[in-house]
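Colleague: Before I rely on the labels attached to this model, I would like to hear the reasoning behind them, one label at a time.

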Amino acid sequence: MKIAMICTTHNRMDKTRCCLNSIKNQRNAHSVSYDIYICDDNSTDGTFEMIQNEYKHVYLCQGNGDLFWTRGMAKAIESVSCIDSYDAFLMINDDVEFDLEMLDVMYENFVKHSKESPVCIVGPTRSKIDGTWTYGGHKLLKNRSKEKMNPVDPSDKDLQCQVAGWNCFLLPISIYEAVGQLDTAYEHAMGDFDYCRRMCKEGYKIYSADAYIGFCESNPIENTWRDTNLSLRERLVKLEKKTGLPWKSRAHYDFKYFGLIWGLRRFLQPYITIFRDSLLRYKNEGKI
């Protein structure tokens with residue numbers, strides 16, 4: 001199997017180096033071959049130069065600093081000159097430190113679940129601190145306005161997922177050609193969940209690997225729009241940052257998958273949450 005690894009980077013040189021080293025040191029019993037395609041979104045910390053100097057086999061392209069995750073991944077895919085020479089894309093995040101058997105785990109799970117038709121495989125990650133599940137696939141629970149999700153643990157009996165984070169996501173080229181490119185209407189987040197929903201709508205299946213493939217810590221809520229210690233204004237500003245949940249991306253996703261009425265309710269929920277938390281905080285502090 002020949003794969004094209006797809007990644008986008010921005011200003012986290014040490015994590016990017018750790019990720020690339022963990023790929024370089026893979027123990028690959030099945031002789032999976034790969035090329036790496038990275039879009040560096042105009043890093044200012046030397047990430048581009050570090051990759052260029054230390055990893056000669058990596059294909060590099062550059063963004064303008066305004067691509068962020070979804071558009072950066074799309075640009076990296078577009079930099080692959082001959083897609084037909086690969087069997088699959090492996091979408092990765094550069095904050096994952098991969099186990100040395102990652103390629104074997106992904107390949108073996110792909111073969112196991114692809115007996116009738118090609119499927120996608122998501123590689124679950126765990127915390128280096130306590131070993132708990134951090135990212136991977138999810139089962140969607142039926143709900144009109146909320147995207148309630150249960151994480152799929154690699155020890156679960158039923159490993160099929162409906163959505164998945166693309167920290168490590170094997171996407172066969174045949175499925176990519178049928179479903180198409182990432183939707184670049186998303187400014188940063190939600191592009192991976194959107195793509196998974198599009199695949200499932202077309203009848204394709206996603207399975208979690210039956211073993212962890214690496215370490216990746218959960219993103220902290222401190223200093224984000226979810227941080228209840230911040231002021232009302234600070235939380236609203238951080239919500240609309242591209243690395244938060246900006247309104248254009250949320251509107252595109254919510255109305256696309258939840259319809260007008262329930263989509264509107266879902267769209268407004270972050271504002272309701274922020275105002276409710278702030279009122280409770282001010283009340284507890286005796287300010288109202």
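**Reasoning behind the labels**

Modeller: Let me begin with an open sheet of three strands, whose order is 10-9-12 and whose pairing is antiparallel. Please keep in mind throughout that this is a predicted model.

Colleague: What makes strand 10 and strand 12 the edge strands?

Modeller: Strand 10 (148–151) and strand 12 (163–164) each pair on one side only, and that is what places them at the edges.

Colleague: How do you know that strand 9 and strand 12 pair?

Modeller: Pairing requires at least two bridges between the strands, and two bridges join strand 9 (residues 137–141) to strand 12, so the requirement is met, with the two strands running antiparallel. In one of the bridges His138 has Val163 of strand 12 as its partner.

Colleague: And what makes strand 1 and strand 2 a pair?

Modeller: Here eight bridges join the strands, which run parallel, and as at least two are required, the label follows, therefore, from the definition. Met5, for instance, has Ile36 in strand 2 as its bridge partner.

Colleague: Why is strand 1 called largely enclosed?

Modeller: Because seven of its eight residues are buried, strand 1 is described as largely enclosed by the rest of the structure.

Colleague: Which elements pack against the buried residues of helix 3?

Modeller: The buried residues of helix 3 (residues 68–78) are Trp69, Thr70, Gly72, Met73, Ala74, Ala76 and Ile77. They pack against strand 1 (2–9), strand 2 (33–40), strand 3 (58–62) and strand 4 (88–92), and also against helix 5 (173–179) and helix 6 (191–201).

Colleague: Why is Phe68, which also lies in helix 3, called partly exposed?

Modeller: Its relative accessibility is 25%, and since buried means under 20% and exposed means over 50%, Phe68 falls in between and is called partly exposed. Its phi is near 60 degrees, a positive value in a residue other than glycine.

Colleague: What makes a positive phi worth pointing out?

Modeller: Most residues other than glycine have a negative phi. Ser31 also has a positive phi, of about 55 degrees, although it is not a glycine, and its place is in the loop between helix 1 (13–24) and strand 2. At 58% relative accessibility Ser31 is above the 50% cut-off, so it counts as exposed.

Colleague: How do you know that the structure holds zero disulfides?

Modeller: A disulfide needs two cysteine sulfur atoms within 2.5 Å. For Cys82 the closest cysteine sulfur, in Cys61, is 17 Å away, and this is too far for a bond. Cys196 is in no disulfide either, as its nearest cysteine sulfur, that of Cys200, lies 6.7 Å away.

Colleague: Are Cys82 and Cys196 buried or exposed, or in between?

Modeller: Cys82 has 42% relative accessibility, which lies between the 20% and 50% limits, so it counts as partly exposed. Cys196 has a relative accessible area of 0%, which is under 20%, and is therefore buried.

Colleague: Why is Cys168 called buried?

Modeller: Cys168, in strand 13 (residues 168–172), has a relative accessible area of 0%, so the under-20% condition is satisfied. Leaving aside neighbours within four places in sequence, Cys168 is in contact with Leu90, Met91, Phe98, Met102, Met106, Ile121, Val122, Gly123 and Ile213. The C-alpha atoms of Cys168 and Gly136, 32 residues apart along the chain, are separated by 7.8 Å.

Colleague: What makes the space lined by Met1 and Ile3 a cavity?

Modeller: The label cavity applies where a 1.4 Å probe fits but cannot get out. The structure holds one cavity of 30 Å³ or more, and about 40 Å³ of space lies in the largest cavity. Its lining consists of Met1, Ile3, Val32, Leu90, Leu103, Met106, Tyr107 and Leu170, with helix 4 (residues 102–113) giving the most, three residues. The lining divides into eight nonpolar, no polar and no charged residues.

Colleague: How does the lining of the second largest pocket divide?

Modeller: That lining has four nonpolar, three polar and three charged residues, including His113, Lys115, Glu116, Tyr204 and Tyr207. About 170 Å³ of space lies in the second largest pocket, and the word pocket is used because the set of points is open.

How values were computed
Residues numbered from 1 in each chain as written. Predicted model: local features only at pLDDT ≥ 70, side-chain atom pairs only at ≥ 80, totals over all residues. Heavy atoms only, no water. 1 Å grid on protein atoms, 1.4 Å probe; cavity = no way out; pocket = protein on both sides within 12 Å on 5 of 7 lines; lining within 4 Å. Points joined across faces, edges and corners; volume = space filled by probe spheres on them. Nonpolar A, V, L, I, M, F, W, Y, C, P; charged D, E, K, R; others polar. Buried < 20%, exposed > 50% of the residue type's maximum accessible area, 1.4 Å probe, protein only. Helix = DSSP H or I, 4+ residues; strand = E, 2+ residues; numbered from the N terminus. Contact = heavy atoms within 4.5 Å.
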